[in-house]
Amino acid sequence: MSLTTPYACYRDRPGSRDAQWPQDRRSTMFWKKEPQPAVGPPVSDELHAIRDEVQAERTRLRGERAALPTVAEFYKGRSVFVTGGSGFLGRLIVEQVLRTCPDVGNVYLVLRAKKGVSPLDRIKTLTDVALFDRLRAEQPHALDKIVVLPGDITELGLGLSQEHRALLQREVSVVYHVAASVRFDDPFQKAVFTNLRSTREVVELARGMPLLKSLVHVSTAYCNADQMLLHERVYRQRLDWRDVVNWAENLNGADVQAVNYLGHK
């Protein structure tokens, strides 16, 4: 006993209209669609040429991407310098680089003494958090690659000694300048020295790095606060940043108090 659809039973019944049609016609009508002609004007030779050019460019780009090193391969044997390594974003960068790039060189951090705690003691506290648990479990000795250099990003030369400055310029290939202040009520000089002048000092330091491959700058939040809507472009500033730094460096005591007072107003 075979099972058939009700339509098939009706179609094959003697005397039905379908039974009188040729078999090939019935199969075409009921079981498959006839091919539809192409709609629209024919493609010109110019469009064919453009299509072939785009396809060739895609093939070339795929080949270039295949030739690029992976992230781990890029960092292999290269040392990294991170400012702001004690902050939220800085610690994420340090953990990610150490965990995902096992062959990375040293990771240098510039830290200042804070509340009577030395930079070396601070790094022990900063890495003793859940963020680094996986790294400690999978690569117990990875944290030994962190090298702490005493310094202060608000000072000229980042507060680094000549010996440490020479060490960074000799060894570092990748720089992450992440240090910044996101406080609204910082004194004027501190805000300028932290968010503006420190960037200049990092760039000047990087100029002396013959092995430099990448310098990444993460600015502070709330830039261009006078704009209602921000787009991904560089905005022209009304003041030259060099003038702002020079002004902050040459303020006397009374001027500093006046500027800070107006800033809070």
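Aspartate 185 is partly exposed in this predicted model, with a relative accessibility of 37%. Its side chain meets that of arginine 183 in a salt bridge, with an N to O distance of 3.1 Å. Arginine 183 has a relative accessible area of 54% and is therefore classed as exposed, the cut-off for that class being over 50%. The pair does not stand alone: salt bridges with shared partners link Arg183, Asp185, Asp186 and Lys190 into one network. Across the whole structure, the search returns 14 salt bridges.

Two further salt bridges are found in helix H7, which spans residues 133-138. In one of these, the side chains of aspartate 133 and arginine 136 come together at 2.7 Å, N to O. The two residues are three positions apart in the helix, or about one turn. Both are partly exposed, aspartate 133 at 41% relative accessibility and arginine 136 at 27%. The other salt bridge joins arginine 134 to glutamate 138, with 2.9 Å between the closest N and O atoms. Here the spacing is four residues, again about one turn of H7. Arginine 134 has a relative accessible area of 48%, and glutamate 138 has a relative accessibility of 47%. Each of these values falls under the partly exposed class, arginine 134 as well as glutamate 138.

A charged residue in another setting is glutamate 201, located in helix H9 (residues 188-207). At 10% relative accessibility, glutamate 201 counts as buried, because the cut-off for burial is under 20%. The side chain of glutamate 201 makes a polar contact of 2.9 Å with the side chain of arginine 200.

Strand E2, formed by residues 107-111, is largely enclosed by the rest of the structure, because five of its five residues are buried. In a regular strand, side chains alternate between the two faces of the sheet. Burial in E2 applies to both faces: Val107, Leu109 and Leu111 are buried on one side, and Tyr108 and Val110 are buried on the other.

Strand E2 has pairing partners in E1 and E3. With E1 (residues 79-83), the pairing is parallel and comprises three bridges. Within this pair, leucine 109 of E2 is positioned opposite valine 82. The chain passes from E1 through helix H5 to E2 in a β-α-β crossover, and the crossover is right-handed. Strand E3 (residues 146-150) also runs parallel to E2, and five bridges join the two strands. In this pairing, leucine 111 is placed opposite proline 150 of E3.

Helix H5, the helical element of the crossover, covers residues 88-100 and includes leucine 92. Leucine 92 is partly exposed, with a relative accessible area of 31%. This residue contributes to a nonpolar surface patch of about 360 Å², together with Phe88, Leu89 and Leu131. Leucine 92 qualifies for the patch because its 31% relative accessible area lies above the required cut-off of over 30%.

Key. Residues numbered from 1 in each chain as written. Predicted model: local features only at pLDDT ≥ 70, side-chain atom pairs only at ≥ 80, totals over all residues. Heavy atoms only, no water. Patch = residues over 30% accessible without salt bridge, like charges linked within 9 Å, V, L, I, M, F, W, Y side chains within 5 Å. Areas by Shrake-Rupley, 256 points an atom, 1.4 Å probe, with all protein chains shown as cover. Salt bridge = Lys/Arg side-chain N within 4 Å of Asp/Glu carboxyl O. Buried < 20%, exposed > 50% of the residue type's maximum accessible area, 1.4 Å probe, protein only. Pairing = 2+ DSSP bridges. Right-handed = clockwise from strand over helix to strand, strands pointing away. Polar contact = N/O pair within 3.5 Å; in protein donor to acceptor, adjacent residues only side chain to side chain.
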